[in-house]
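Here is a brief report on one structure. It moves from a single loop residue to helices, cores and a ligand shell.

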Amino acid sequence: MYQHDQAMRRHFREAAARRGFSVAPEQEHAVERLARLAAELARPAWTFPKRPRDLYVWGPVGRGKSWLVDTFYEGLPTGRKRRLHFHDFFRRLHDGVSGPAARHDGQSAVDSALDGLIGDSRVLVFDEFHAHDAGDAMLIARLFRTLLDRRITLVTTSNYPPAGLMPDPLYHHLFEPTIRLIEERMDVLDVTGPVDFRMVAAPRSPSGGGRRFSTGLCLAPGAGAERALGLTVPASGEATGVQAHLRQLPARAVRGELVWFDFDVLCETATGVPDYLTLAERFTTLVLDGVPPLAEASADGRQRFANLVDVACDRDLRLVLIGSDPLADLPAGHSLMRDLDRTASRLAMLQRPERV
Ligand SMILES: Nc1ncnc2c1ncn2[C@@H]1O[C@H](COP(=O)(O)OP(=O)(O)OP(=O)(O)O)[C@@H](O)[C@H]1O
Ligand SMILES: [Mg+2]
């Protein structure tokens with residue numbers, strides 16, 4: 001048991017060093033707790049009559065929560081483990097419930113979709129846990145019940161403390177039973193450090209531990225900057241349809257693993273997270289042209305853009321924005337869209353070369 005703690009602690013230090021940083025004081029508690037959990041999970045279930053306690057890691061954006069749980073996940077011996085991102089979880093549940101693979105026998109469609117998602121895992125890492133509407137509340141409550149019934153250990157990250165989940169007062173009461181369950185069953189770890197690590201210049205690690213997302217760009221329009229970066233504006237003949245989740249979307253160009261879209265196509269028509277996930281499976285660079293000042297986009301357009309940025313960051317897609325810098329001239333306060341600080345923290349990682 002002792003060796004497993006030690007191995008996981010060492011794994012954390014090495015993973016941080018590969019990225020050119022060290023574990024921050026506010027992360028130590030989580031590292032310690034995750035190392036203990038790794039040791040508990042390494043024991044055969046029959047020697048461990050009580051199921052290990054679940055962990056709920058929360059804090060403001062950019063404090064390294066996803067890094068902590070992803071590193072933990074990577075360091076667990078292979079086998080019965082799963083990592084799911086919030087967006088992915090809902091896409092797969094919806095596919096399972098209503099998609100072509102849906103089952104319509106005695107077992108409820110939600111339960112069989114959950115079965116498929118969880119498989120025979122003993123530990124489930126669920127990144128970016130949040131809830132915003134009644135549908136989320138129902139699916140998450142179901143997920144929790146299934147995990148408890150099957151003694152599966154859950155490790156989640158969130159920007160919200162449990163009591164702050166489902167902030168909309170209209171729906172909050174629907175989520176209260178799940179909040180009570182979280183508070184009873186999970187150890188809640190707060191990793192609120194003083195800095196958003198995305199806002200500080202990330203040191204380039206010698207072994208190239210950087211991520212593709214942080215090589216993304218935010219460019220003013222004008223062929224100069226685009227050409228300088230090897231991005232020639234697509235000719236009209238390059239326009240082509242690209243298969244997204246359940247539809248074709250008109251792209252300006254496809255060049256190998258790069259796809260070029262207009263903002264209006266990707267964010268101002270009825271696209272959704274499943275489409276972005278499908279694109280992220282096929283492409284490694286996504287150019288979004290004609291990005292307006294966010295305050296001028298429609299409310300739905302802004303929310304889609306935020307979801308797209310979330311997916312790009314999670315799936316490590318290189319995002320190249322051409323147009324207005326969405327971070328410039330943001331109106332004060334958070335009324336522009338939900339979770340604006342999440343989007344801003346991610347967009348701060350994009351490089352902004354000299355405008356020419
Ligand atoms: N101790 C650290 N020192 C410096 N950088 C760090 C440290 N821990 C994590 N990071 C880096 O900070 C960035 C943000 O981390 P991460 O994505 O895990 O944040 P997060 O807390 O999940 O944010 P969000 O709530 O927005 O999802 C990543 O590039 C990560 O590698
Ligand atoms: Mg995160």
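Asp316 is partly exposed, because 13 other C-beta atoms lie within 10 Å and a count above 12 but below 20 falls in that class. The model is predicted. Asp316 sits in the loop between H11 and strand E12 (318–323). Leaving aside residues up to four places away in sequence, Asp316 touches Arg211, Arg212 and Phe213. Thr215 is 101 residues from Asp316 along the chain, yet their C-alpha atoms are separated by 9.8 Å.

**Helices H3 and H4**

Helix H4 covers residues 86–98. Its 13 residues, at 1.5 Å a residue, should span 18 Å, and the end C-alpha atoms are 18 Å apart, so expectation and model agree. Which residues of H4 are buried? They are Phe86, His87, Asp88, Phe89, Arg91, Leu93 and Gly96. These buried residues pack against six elements, listed here.

| Element packed against H4 | Residues |
|---|---|
| Strand E2 | 81–85 |
| Helix H5 | 109–118 |
| Strand E3 | 123–127 |
| Helix H6 | 134–149 |
| Helix H10 | 273–282 |
| Helix H11 | 299–314 |

Helix H3 spans residues 65–75. Lys65, Leu68, Val69, Thr71 and Phe72 are its buried residues. They cover an arc of only 160° around the axis, so they lie on the same side of H3.

**Nonpolar cores**

In soluble globular proteins, nonpolar side chains tend to be buried together. Here the largest nonpolar core has 42 residues. Leu34, Ala38 and Val57 have the most contacts inside it. Helix H2 (residues 25–42) contributes the largest share of this core, seven residues. Ala38 touches His4, Asp5, Met8, Phe72, Gly75 and Leu76, again not counting residues up to four places away in sequence. Of these, Phe72 is also among the buried residues of H3. Apart from the largest core lies another, of 38 residues. Its members include Ala251, Leu308, Val309 and Val320.

**The shell around ligand 1**

How many residues surround ligand 1? There are 19, and Val61, Gly64, Lys65, Ser66 and Phe197 come nearest. One of these, Lys65, is also a buried residue of H3. H3 gives the most to the shell, with three residues. Both H3 and helix H12 (340–347) supply at least two residues each. By class, the shell divides into six nonpolar, seven polar and six charged residues.

Technical notes. Residues are numbered from 1 along each chain as its sequence is written. Chains are lettered from A and ligands numbered from 1 in the order in which they are written. This is a predicted model: local features need pLDDT of at least 70, side-chain atom pairs count only at pLDDT 80 or more; totals for chains, interfaces and linings use all residues. Helices (H or I, at least four residues) and strands (E, at least two) are DSSP runs, numbered from the N terminus. The expected span of a helix is 1.5 Å times one less than its number of residues. Two residues are in contact if their C-beta atoms, placed from the backbone, lie within 7 Å. A nonpolar core is a set of buried Ala, Val, Leu, Ile, Met, Phe, Trp, Tyr and Cys residues joined through C-beta atoms within 7 Å. The arc is that of the directions from the helix axis to the C-beta atoms. A residue is near a molecule or strand if its C-beta atom, placed from the backbone, lies within 6 Å of it. Ala, Val, Leu, Ile, Met, Phe, Trp, Tyr, Cys and Pro count as nonpolar, Asp, Glu, Lys and Arg as charged, and the others, Gly among them, as polar.
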